[in-house]
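Hi,

Here is the structure I said I would pass on. Have a look at it first, and then read my notes below.

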Amino acid sequence: MAEQRSEKRNTVSSGRGPAWDRRTWLAGTSMMAVTGTGLMAGVPAVHAAENGKIRLALIGCGGRGSGAVRDAFSVSEGPIELYAMADIFESRLEASHKSLSNMFPDQVQVPPERRFVGLDSYRSAIDALRPGDVAMLTGYAAFRPGQLEYAVSKGIHVFMEKSFAADPPGCRRVIQAGEEADKKNLKIAAGLMCRHSVNRHELIKRIRDGELGEITLVRAYRMEAVGPLGPKPAEIPELFWQIRNFVRFFWVSGGLFSEMDIHQIDEICWIKDGLPISAHGVGGRAVNSVDHGQNLDAYFAEWTFPDGTQGLDVVRYASNCHNHFATYIHGTKCAAQFSGAIHAGTVRIFKDQRIADDNVAWEAPKEQLTPWQAEWKALLRAIREDLPHNEAKRAALSNLAAIMGRAAVHSGQVIGWDDALSSQFQFCPDVDRMTAETPPPVLPDERGMYPVPVPGQWSEI
């Protein structure tokens, strides 16, 4: 959902970029934690409407967006309704509208005149809202920075799904939009929902209290089957084929690794309470791969933190293989599990370094809310009670850590944090001005295969 941008645009992607570094980020987040309420002094309140009703505009009507609407409705303690919808694909919008209307007939109030279709349809959906309402940006990472900027310019709160940008300049735009949101007292929730897990917060507290000793290693696994992309049907335009199959194309989503494993990478940064200084890794494709898309079949990335400790992420998308979905922590005293299958709040401390069911010293109870519900509960409460709530910067920097790992695997090089943060590389520099007639950013070869990274030859930082 890109747009014909106005002439008044930020210029962060045209210069070297702001001189943010890890120390500046850490200092800033610490200040927010201590003095967040004080930072709101003198900033206008942006509450729900006088009747307390919060309107939602769903921008991106796939399964992820429709699920976010269900989560919002499931935890709201005040009136809330779906008021507008937008998508690039009319069929997907109508399917989502039908499904949500059947489930929530009283809360889905989106007549045909508030259903918008097209690459710039998000503008109309945001324009339909009032201050105090929420724009749900649940489509594609390539378009997220521009959509966020537009919502903030209109004084609208934002819920945005991961990932948040496909490349470093996009990450910087998200950070700048978040800074503008602070000036307007707008709330921004970012879809790294595990940050709202009660069980994970309890384990973080225990880690900070020294229960595991000094953290020496964090390792995450997301090993699950993902089928290959087949050939493009002749009747589907190339550009829209790539957008619809977004995780298969780097320019649309950042690729499967960056789009999906941002959760595991964000967990690593959270556990380490900081940002990495470098990343490197390896990856590859099976020799018999028939995948027409751009992703590799396997990724192994390693981030090094300032104290020398490391976080690892092990990824494999092949079928008929061992699957694993979890995050583990090793300290000098013992180990712990931080996350379970499909982001479940499976949180345990073990008696020693052995990860086993018969070696558990402490285990958190089943969470009452899913992480997806918990993130919505926090956002809606912040709007209704005018509490500080802006996750844009933290989310963008975790996204950048994911981009570092992706670039390291694809290029075969060690990627430094400062190089990534200041990088001007863009997969699609003119994405904000994209129309249905824009030439696709990548094209297939004569076999219908799209460019795949070759370590030692590929560069994306």
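**What I found**

Keep in mind that this is a predicted model. I'll start with the helix that lies over the second sheet.

Helix H13 (residues 392–411) lies across strand E8 (278–284), E9 and E15, and runs at about 50 degrees to E8. The sheet in question is open, has nine strands and mixed pairing, and goes in the order E14-E13-E12-E11-E7-E10-E9-E8-E15. Strand E14 (360–363) and strand E15 (415–416) are at its edges with a single partner strand each, so one side of each has no neighbour in the sheet.

Inside that sheet, strand E9 (residues 298–304) and strand E10 (residues 310–316) run antiparallel and are joined by seven bridges. One pairing to look for is Thr304, whose bridge partner in E10 is Gln310. Helix H11 (residues 262–272) also lies across this sheet, over strand E7 (215–223), E9, E10, strand E11 (324–331) and strand E12 (335–339). The angle between H11 and E7 is about 170 degrees.

Now the other sheet. This one is open too, with six strands in the order E3-E2-E1-E4-E5-E6 and parallel pairing. Its edge strands are strand E3 (115–117) and strand E6 (188–190), each paired on one side only. Ignoring direction, neighbouring strands here are turned by 20 degrees against each other on average. Strand E1 (residues 54–59) and strand E2 (residues 80–87) run parallel with six bridges between them, and Leu58 stands opposite Met85 in E2.

H12 packs on this six-stranded sheet and touches E1, E2, E4, strand E5 (157–160) and E6, with its direction at about 175 degrees to that of E5. Does its length add up, you may wonder: what should the 15 residues of helix H12 (residues 371–385) span? At 1.5 Å a residue they should span 21 Å, and the end C-alpha atoms are 21 Å apart, which agrees. Several H12 residues are buried, including Trp376, Leu379, Leu380 and Ile383. Just after H12 comes Asp386, with a positive phi near 55 degrees.

H12 also packs against helix H2 (residues 63–75), at an angle of about 60 degrees and with the axes 8 Å apart. That angle makes H2 oblique to H12. On the H2 side the contact is made by Ala68, Asp71, Ala72, Ser74 and Val75, and on the H12 side by Trp372, Gln373, Trp376, Lys377 and Leu380. The crossing of H2 and H12 is right-handed.

Met136 ties some of this together. It lies in strand E4 (residues 134–137) and, at 0% relative accessibility, counts as buried. Leaving out residues up to four places away in sequence, Met136 touches Leu56, Ala57, Leu58, Ile59, Gly65, Ala68, Val69, Phe159 and Trp376. Met136 and Ala86 are 50 residues apart in sequence, with their C-alpha atoms 10.0 Å apart in space.

Last, some backbone details in the loops:

- The Lys162 to Ser163 peptide bond is cis, with omega near -15 degrees; Ser163 is in the loop between E5 and helix H6 (168–183).
- Asn185, in the loop between H6 and E6, has a positive phi near 60 degrees and is buried, with a relative accessible area of 2%.
- Asn320, in the loop between E10 and E11, has a positive phi of about 60 degrees, but counts as exposed at 84% relative accessibility.

Cheers

Technical notes
Residues numbered from 1 in each chain as written. Predicted model: local features only at pLDDT ≥ 70, side-chain atom pairs only at ≥ 80, totals over all residues. Heavy atoms only, no water. Pairing = 2+ DSSP bridges. Helix = DSSP H or I, 4+ residues; strand = E, 2+ residues; numbered from the N terminus. Contact = heavy atoms within 4.5 Å. Axes fitted to C-alpha atoms, helices over the stretch in contact; angles between N-to-C directions. Buried < 20%, exposed > 50% of the residue type's maximum accessible area, 1.4 Å probe, protein only. Expected span 1.5 Å × (residues − 1). Parallel < 35°, antiparallel > 145°, perpendicular 65-115°, else oblique. Left-handed = near helix turned anticlockwise from the far one by under 90°.
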